[in-house]
Amino acid sequence: MRLQVFPFPVPRKSRINPWSWILILTEWISVDSCDLRDQAGCANFLRGRTVEITVPIEWICMRARLIVLIAVPTCILVWVLWHLRSSTPASAPAPSAASVGAASLAVTTPVTLESVPTTVYAHNLMLRRGPDFRIYVRWLRGNMVRTRRDVTPTFDDPESFLLEIKTGVVRANIGDIGNFLNAGGVANSPLKNITLLADGDQIKLKGTLHKLVPLPVELLGSVTATSDNRIQLHITKLNVLKIPLKGLLGGLNVSLSDLMQPKGIPGIEVSGNEIFFDTLKLLPPPHIHGQLTKVRVVSPDIEEVYGNAEDAVTRVEQWRNFLRLNDGTIDFGKLTMHHVDLIMVDLSDDAWFDLDLNNYQNQLVNGYTRMTPQAGLQIFMPDLDTLPKNKGAQSINLEWLKHRNLPPPPDVIYK
């Protein structure tokens with residue numbers, strides 16, 4: 001078989017080899033009468049003349065297959081190398097000191113059952129917060145959260161925890177708030193001799209403003225809850241010397257901000273005719289935090305509603321007064337309780353379970369305690385006001401331990 005192409009002049013001294021024939025074919029050279037297997041004869045024949053060359057089609061196919069066999073693996077290898085290089089992830093940057101510190105912190109301070117918050121349930125609990133302040137918990141469901149990571153919450157240190165309320169209704173006596181403010185709650189304030197009382201659904205404040213000369217001040221305002229869980233007191237009336245403030249602005253130059261010290265008071269902010277109170281900062285511990293949904297005056301108290309708790313108050317109306325704690329770890333006195341399972345129940349039929357964090361040990365001593373099958377504690381406690389006066393310390397006499405036949409002390413109860 002022969003392939004017919006166009007004539008092409010071949011130089012006299014050119015050496016013809018198989019690769020030259022491939023070049024000749026690509027330049028449209030014609031082959032007709034020369035046998036490529038005899039290279040020397042073809043060279044002599046072609047030297048100095050224009051010829052027609054005949055190339056066997058079998059030789060071309062063989063060379064083409066050889067080229068394909070070499071080119072295809074080469075292309076595949078190049079493609080694989082390129083793909084591997086593009087898919088190799090970039091070298092990761094060296095970890096920063098902050099990430100290393102966070103990782104080591106996560107390793108060294110794991111969350112344990114002892115560090116989880118303690119669940120709190122309370123009904124009709126009157127919690128004394130120092131000698132001049134009490135709060136009244138109609139209903140509470142929330143957590144006792146430690147304020148310092150390395151300090152276990154303890155009844156002996158109200159600063160060691162805060163009450164994080166999920167749902168609850170809490171009241172504070174308006175007069176108690178005034179007593180607390182007078183006792184140093186607003187130290188260095190120019191407003192002294194503060195008296196707070198309810199006036200319908202509003203709060204009335206009376207006091208003495210020390211501004212050059214003592215000035216009797218009286219203000220009236222309504223309370224609402226803010227979105228950032230503060231109490232807002234909107235001033236509707238402000239009188240100085242029983243005269244409306246507007247008539248005195250020129251002479252005395254008294255404003256609402258004059259009631260507070262120049263640099264302000266922690267937990268109190270004045271803006272225009274509004275006073276904002278942050279009870280978490282202003283009132284004594286243990287502090288209360290939660291989503292405040294409603295604030296109102298219920299004479300003689302101010303009532304705070306957290307979450308959707310009003311239905312719960314109605315549902316538990318007939319329950320006994322109690323405080324219940326579960327999970328976590330707490331301290332009380334010389335005891336530490338892990339995986340807390342503790343309930344304190346009011347022995348009286350009073351409206352409130354009076355629990356004094358400063359004197360709760362006396363209430364424990366004059367009550368009685370029993371262990372549950374689940375290793376929990378049930379403590380039945382009298383109110384603080386019903387404790388016997390001048391009662392001696394209760395302890396087991398050493399002489400009784402030495403004499404088997406002596407009867408037990410009268411305060412030891414047989415079951």
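Leaving aside neighbours within four places in sequence, L325 is in contact (heavy atoms within 4.5 Å) with T118, T119, V120, M144, F155, I330, V340, D341 and L342. This is a predicted model, in which local features need pLDDT of at least 70 and side-chain atom pairs count only at pLDDT 80 or more, while totals for chains, interfaces and linings use all residues. Residues are numbered from 1 along each chain as its sequence is written, and side-chain values use heavy atoms, with hydrogens and water left out.

**Nonpolar cores**

- The largest nonpolar core (buried Ala, Val, Leu, Ile, Met, Phe, Trp, Tyr and Cys residues joined through side-chain atoms within 4.5 Å) has 63 residues, of which F155, I302, L325, I330, L342 and M344 touch the most other members.
- A second, separate core consists of eight residues, including V305, A312, V313 and V316.

**Aromatic pairs**

- The structure holds eight aromatic pairs, a pair being rings of Phe, Tyr and Trp (its six-membered ring) with centres within 6.5 Å, stacked if the planes are under 30 degrees apart, edge-to-face if over 60 and tilted otherwise.
- Y136 and W352 have ring centres 5.1 Å apart and planes at 65°, so this pair is edge-to-face.
- Because Y136 lies in strand 4 (residues 134-146; strands are DSSP runs of E, at least two residues, numbered from the N terminus) and W352 in the loop between strand 19 (341-346) and strand 20 (353-356), the pair ties together parts 216 residues apart in sequence.
- F155 and F332 form a tilted pair, 6.4 Å centre to centre with 35° between the planes, and both residues are buried (under 20% relative accessible area, 1.4 Å probe, protein chains only).
- Y121, W139, W319 and F322 form one aromatic cluster.

Note on methods
Buried < 20%, exposed > 50% of the residue type's maximum accessible area, 1.4 Å probe, protein only. Helix = DSSP H or I, 4+ residues; strand = E, 2+ residues; numbered from the N terminus.
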